[in-house]
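The following exchange examines how several structural labels are justified. Each answer sets a computed value against the criterion that applies.

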Amino acid sequence: MSHTAKPLRLTPVGLVLVPLALACVITGVAVLAVSLNHRLAIVSPAPLLTATILVYSALLILLGRSAVANLRELESLSLRDTLTRLPNRCALHVDVERLAESGEEVALALIDLDSFKQVNDHYGHALGDQLIEHCAQMLVEACGNEARCYRLGGDEFAAVLGGKVAGTILEGMCRTLLERLATPVTVAGRQIAVGASIGLARSTAEHRVPSSELLRRSDVAMYMSKRGGKMRCTWFNETFDRSRERVREIEDEIRTAIAAGEFALAYQPLVDAEDGRIVAVEALLRWPRGERMPLGPNVFIPVAEDSGLINPLGQWVLRQAVCDALRWDDMTLSVNISAAQLRNPEFPIKLGEVLEETGFPPHRLELEVTETCLVLDPVVAERTLDVIRAFGVRIALDDFGTGYASIGFLRRFSFEKLKLDRSLIELASGDEGSRAMMLSSIALARALNMSVTAEGVETEAQAELVRMAGCDQIQGWLYHRALPAAEIDRLIAEQNAKRAGEAAA
Ligand code: C2E
Ligand code: MG
Ligand code: MG
């Protein structure tokens, strides 16, 4: 452990008393020495007092100078981040206000690292700190000598540039940073994939914006970068304020709707590709909103995911779906699981509780996860999926064909089922390239022992195509839309009656 010498720091009272005491002692000793040397009786008090005052003044000047130096150091420390040594949020406000005085454009970029929390959770805070230092260095390099860089706290950085076309230049620097972050960084011998979402805002001579407002605007723009898929720069736009406001409203409404039991489930049947029999159902969340504007799961689920409300909501979905599906005999039940749920260490515990309390056979349950769920946090995801599999529950990879899933990725997670996304089915019926891609995906799934479901089949031609290609199950409006539980009861009863009739014949 290294110890750095701490400079002497005195309070104002100390600044007066310490030199006074020292002066008295020094002068007393000096006078005593002189008196003894000249074998004089102790000298009279007047010269003693003068000497004390002189020594006191000298010491006061010396200590005063040291105190001013200390104060300067304290001031500079209060404007700096201790980990990266970059200027901090206070310094940013001071700089923006100073640059604005010149009357020229001032641009501010807010940079928030993506998935930094996972790095901290996996590898510990020491490595997290090293990653922050590394990213700070990358930012400084991308900004060169032109823009000033700051650490605002946590995984949040900023860069400020003043002058003509400052915004355009700063945006270029941000894009350079994103390009460099596209390849994993090496920290403490580990390869770590870390991205960034960047928000930009500017203040011009015509539209002067105070530093606090500039920071808020770049924060709103950064949030839009996150919502838009991360690893991008977004300029602030006045309409963002309104849409952010709307997101907050939806968040509040979801909270109230969970408490009021407003959510409902619909079930879309999956049919056997060969004989069209219903073999499984997928639970799909619905929000009946009465007179209010209807909202689909594609709108409200991302809001629930961002706010963490997906945890209670997803828990409700799981329990309700399992309770409904108990009466559907040998049907498989598919339930969609979000990334945030998979990351939640409580999730496997809650799943175990639901299975135990309801007595639902685990082999009839299938959890659908998407690629983004897993790439964000593969280590935790793998661990969680292993626990879930240990219950006997199967895992399906949903929306395959919309992302970048590699062979290595499919092998690593060894899903029990692959669900080909509707977009892939649609394209495959139109062009050769997409058809080849669909066929090779199916061949790959087969080689890895996965079953395959085609999603979003709307036409007979598509059904024929996926059947010929070797899909095991088909899901789509050609057969059934998502239906209330009571309708599934009716469909299954019909199917069972038909089967019983065929057996009797
Ligand atoms: P998904 O899991 O891929 O579900 C399939 C979506 O495709 C459903 O949309 C379904 O209604 C729609 N679909 C099925 N067949 C067809 C078809 O032939 N044509 C067209 N055009 N669409 C078809 P939905 O219900 O709007 O759900 C959208 C997404 O919301 C789901 O996609 C899933 O990612 C998510 N979601 C729904 N319920 C839940 C839930 O309980 N939890 C979580 N985490 N996500 C859910
Ligand atoms: Mg699904
Ligand atoms: Mg899907």
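Q: Why is glutamate 368 called buried in this predicted model?
A: The relative accessible area of glutamate 368 is 1%. Buried means under 20%, and glutamate 368 is therefore placed in that class.

Q: What makes glutamate 368 a donor of the magnesium ion (ligand 2)?
A: A donor atom must lie within 2.8 Å of the metal. The magnesium ion (ligand 2) is coordinated at 2.0 to 2.3 Å by Glu282 (OE), Asn336 (OD1), Glu368 (OE) and Asp398 (OD), so Glu368 meets the criterion. Along the chain these donors follow the spacing E-x53-N-x31-E-x29-D. Within this set, glutamate 368 in strand 11 (residues 365–369) and aspartate 398 in strand 12 form a pair that links distant parts of the chain, 30 residues apart.

Q: What makes aspartate 398 a bridge between the magnesium ion (ligand 2) and the magnesium ion (ligand 3)?
A: Aspartate 398 coordinates both ions, which are 4.0 Å apart. For the magnesium ion (ligand 3), the protein donors are Asp398 (OD), Asp399 (OD), Glu455 (OE) and Glu455 (OE), at 1.9 to 2.4 Å. These distances fall within the 2.8 Å limit, so the atoms count as donors. Their spacing along the chain is D-D-x55-E. Here too a pair links distant parts of the chain: aspartate 398 belongs to strand 12 (residues 394–400), and glutamate 455 to the loop between strand 14 (451–454) and helix 18 (460–469), 57 residues apart.

Q: How do you know whether aspartate 398 and glutamate 455 are buried or exposed?
A: The relative accessibility of aspartate 398 is 6%, and that of glutamate 455 is 11%. The limit for buried is under 20%, so both residues count as buried.

Q: Why is strand 12 described as largely enclosed by the rest of the structure?
A: Five of the seven residues of strand 12 are buried, and the description follows from that count.

Q: What makes strand 11 and strand 13 partners of strand 12?
A: Pairing requires at least two bridges between two strands. Four bridges join strand 11 to strand 12, and three join strand 12 to strand 13 (residues 417–420), so both cases satisfy the requirement. Strand 11 and strand 12 run parallel, and strand 12 and strand 13 also run parallel. Leucine 367 stands opposite isoleucine 395 in strand 12, while the bridge partner of alanine 396 in strand 13 is lysine 417.

Q: How do you know that ligand 1 makes polar contacts with leucine 285, asparagine 336 and aspartate 399?
A: A polar contact is a pair of N or O atoms within 3.5 Å. A backbone N or O atom of leucine 285 lies 3.0 Å from a nitrogen atom of ligand 1. An N or O atom in the side chain of asparagine 336 is 2.9 Å from an oxygen atom of ligand 1, and a polar side-chain atom of aspartate 399 lies 3.0 Å from an oxygen atom of the ligand. Each pair therefore qualifies. Taken alone, ligand 1 exposes 800 Å², of which the protein buries 84%.

Q: Which residues and elements surround ligand 1?
A: There are 22 residues around ligand 1, and Arg286, Ser338, Asp398, Glu458 and Trp477 come nearest. Strand 9 (278–286), helix 9 (297–307) and strand 12 each supply at least two residues of the shell. Strand 9 gives the most, with four residues.

Q: Why are strand 2 (148–153) and strand 7 (233–235) called edge strands of their sheet?
A: The sheet is open, with five strands in the order 2-3-1-6-7 and mixed pairing. Strand 2 and strand 7 each have a single partner strand, so one side of each is left without a neighbour in the sheet. Neighbouring strands of this sheet are turned by 20° against each other on average, direction ignored.

Q: What makes strand 1 (residues 106–114) and strand 3 (residues 156–162) a pair?
A: Seven bridges join the two strands, which run antiparallel; the requirement is at least two, so they pair. Valine 106 stands opposite glycine 162 in strand 3.

Key:
Residues are numbered from 1 along each chain as its sequence is written. Chains are lettered from A and ligands numbered from 1 in the order in which they are written. This is a predicted model: local features need pLDDT of at least 70, side-chain atom pairs count only at pLDDT 80 or more; totals for chains, interfaces and linings use all residues. Side-chain values use heavy atoms; hydrogens and water are left out. Donors are N, O and S atoms within 2.8 Å of the metal (3.2 Å for Na, K and Ca); water is not among the atoms, so sites may look incomplete. Buried means under 20% relative accessible area, exposed over 50%, partly exposed in between (1.4 Å probe, protein chains only). Axes are lines fitted to C-alpha atoms, for helices over the stretch in contact, and angles run from 0 to 180 degrees between N-to-C directions. A residue is near a molecule or strand if one of its heavy atoms lies within 4 Å of it. A polar contact is a pair of N or O atoms within 3.5 Å; within protein, one must be able to donate a hydrogen and the other to accept it, and residues adjacent in sequence count only if both atoms are side-chain atoms. Accessible areas come from the Shrake-Rupley method with a 1.4 Å probe; for residues, only the protein chains shown count as cover.
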